[in-house]
Structures are given as structure tokens and as C-alpha cells.
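Reader: I'd like a close look at one part of this protein, the largest pocket, and at how the rest of the chain is put together around that topic. Could you walk me through what lines the pocket and then carry on to the cores and a few single residues?

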Amino acid sequence: MSGIDDLELLLGGMNPRLNEGRYVWATVPAVPRGVTPVATMVEDEGISIVVDLATATNLRLDHEFESAWITLEVHSSLDAVGLTAAFSTALADAGIACNVVAGAKHDHLFVPYEQRHRALEVLAESVV
């Protein structure tokens, strides 16, 4: 089933959901055994992983960007135009950093943990 590509429908149906927990980013040579990252990206320097803070602490991983994870529950098409620009501009205008990971069904936003509630407010206000 393909996702929605109409920007007005996407913005109106974002339904941002705050996932529980604190998440951090780490670069590792390989994903540690028994760890299921929220996201991964292979880069020249190693594999970037997003894991919960407790996992990173337990494994003594050097990590950065303590963040909250917000999922946009709308099923966005991977070739939709404008959704990322719309919400990232709204967050940027509010002074909130945002790292976006797109899944096959949903967009996932990682914002500074301390700004998670304000980010949800901004996303709600940015609906068309």
C-alpha cells in the first residue's frame, strides 16, 4: 500500500506521537550484539546508530544528542514533496533542532529532549 503524497492531507494527518524514552546517537564499527537500534546509517566513519540512553550507557558507548523521538503517524509516501520542508521549517522557526529519519511508512523526528513538548506544540500549530 502506497502512502499519501498530497501535502495538505499529510499536514492535516501528521498526528505526531511522542515515544517514551531518551535516545542518543553513537558511531560504532558494528551494531553491538543483542542491540536493536531505532535507526542505523552506514557512513564512512562507521555505523551511526540511534539507541535509548540506557543502552548507550550500559555499553559505555560514546554518544551525543540526547533526544526525544516523535513519530508522525500519517503514512507518508516516500516520494511526497514538501512534508519535511514544512515541519522542519516550523521547528527551525521555533529554534528547535530536528534530525529526521524516514521509514517506509512514517517520518521519525529526533528533537532535543528538553524541547520535546514545545516541538509537539509547534507541530500541532503547523497543520494546514
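Author: Here is a walk through the pocket first, then the rest of the chain.

One thing up front: this is a predicted model, so read everything below as computed from that model. To get your bearings, the protein chain has 4 helices and 7 strands, and starting at the N terminus they come in the order α-β-β-β-β-α-β-α-β-β-α. There are 128 residues, and 37% of them are buried. If you take contacts between residues at least 6 apart in sequence, 70% join residues at least 24 apart.

Now, the pocket you asked about. The largest pocket holds about 170 Å³ of space. Three strands each give two or more residues to its lining: S3 (39-43), S4 (46-52) and S6 (99-102). S3 supplies the largest share, with 4 residues. The full lining is Trp 25, Ala 39, Thr 40, Met 41, Glu 43, Ser 48, Ile 49, Val 50, Asn 99, Val 100 and Val 101. Sorted by class, that comes to 7 nonpolar, 3 polar and 1 charged residues.

Two of those lining residues lead to other places in the chain. Take Met 41, which lines the pocket: Gly 46 touches Met 41, along with Thr 27 and Val 28, once residues up to four places away in sequence are set aside. Gly 46 sits in strand S4. Its relative accessible area is 14%, and the cut-off for buried is under 20%, so Gly 46 counts as buried. The C-alpha atoms of Gly 46 and Ala 26 are 9.5 Å apart, with their positions 20 residues apart along the chain.

Then there's Asn 99, another lining residue, which is also in contact with Leu 109. Leu 109 takes us to the largest nonpolar core. That core has 15 residues, and Phe 87, Leu 91, Leu 109 and Leu 123 touch the most other members. Strand S5 (64-72), helix H3 (83-93), strand S7 (107-112) and helix H4 (116-125) each give two or more residues to this core, and H3 gives the most, with 4 residues. Leaving out neighbours within four places in sequence, Leu 109 is in contact with Ala 68, Trp 69, Ile 70, Leu 72, Phe 87, Leu 91, Cys 98, Asn 99 and Leu 123. There's also a second, separate core of 9 residues, which includes Ala 26, Val 35, Ile 49 and Ala 56. Ile 49 is on the pocket lining too. As background, nonpolar side chains in soluble globular proteins tend to be buried together.

Last, two backbone oddities to keep an eye on. Arg 60 has a positive phi of about 55 degrees although it is not a glycine. Arg 60 is in the loop between helix H2 (53-58) and S5, and with 76% relative accessibility Arg 60 counts as exposed. Phe 65 also has a positive phi, near 55 degrees, and is not a glycine either. Phe 65, though, is in strand S5, and its relative accessible area of 25% makes Phe 65 partly exposed.

As for the outside of the molecule, the protein chain exposes about 7,500 Å², and carbon and sulfur atoms supply 51% of that area.

Definitions and conventions:
Residues are numbered from 1 along each chain as its sequence is written. This is a predicted model: local features need pLDDT of at least 70, side-chain atom pairs count only at pLDDT 80 or more; totals for chains, interfaces and linings use all residues. Side-chain values use heavy atoms; hydrogens and water are left out. Buried means under 20% relative accessible area, exposed over 50%, partly exposed in between (1.4 Å probe, protein chains only). Contact means heavy atoms within 4.5 Å. Accessible areas come from the Shrake-Rupley method with a 1.4 Å probe; for residues, only the protein chains shown count as cover. A nonpolar core is a set of buried Ala, Val, Leu, Ile, Met, Phe, Trp, Tyr and Cys residues joined through side-chain atoms within 4.5 Å. On a 1 Å grid over the protein atoms alone, a cavity is a set of points where a 1.4 Å probe fits but cannot get out, and a pocket is an open set with protein on both sides within 12 Å along at least five of seven lines; lining residues have an atom within 4 Å of a point. Grid points are joined across faces, edges and corners, and a volume is the space filled by probe spheres set on the points. Ala, Val, Leu, Ile, Met, Phe, Trp, Tyr, Cys and Pro count as nonpolar, Asp, Glu, Lys and Arg as charged, and the others, Gly among them, as polar.
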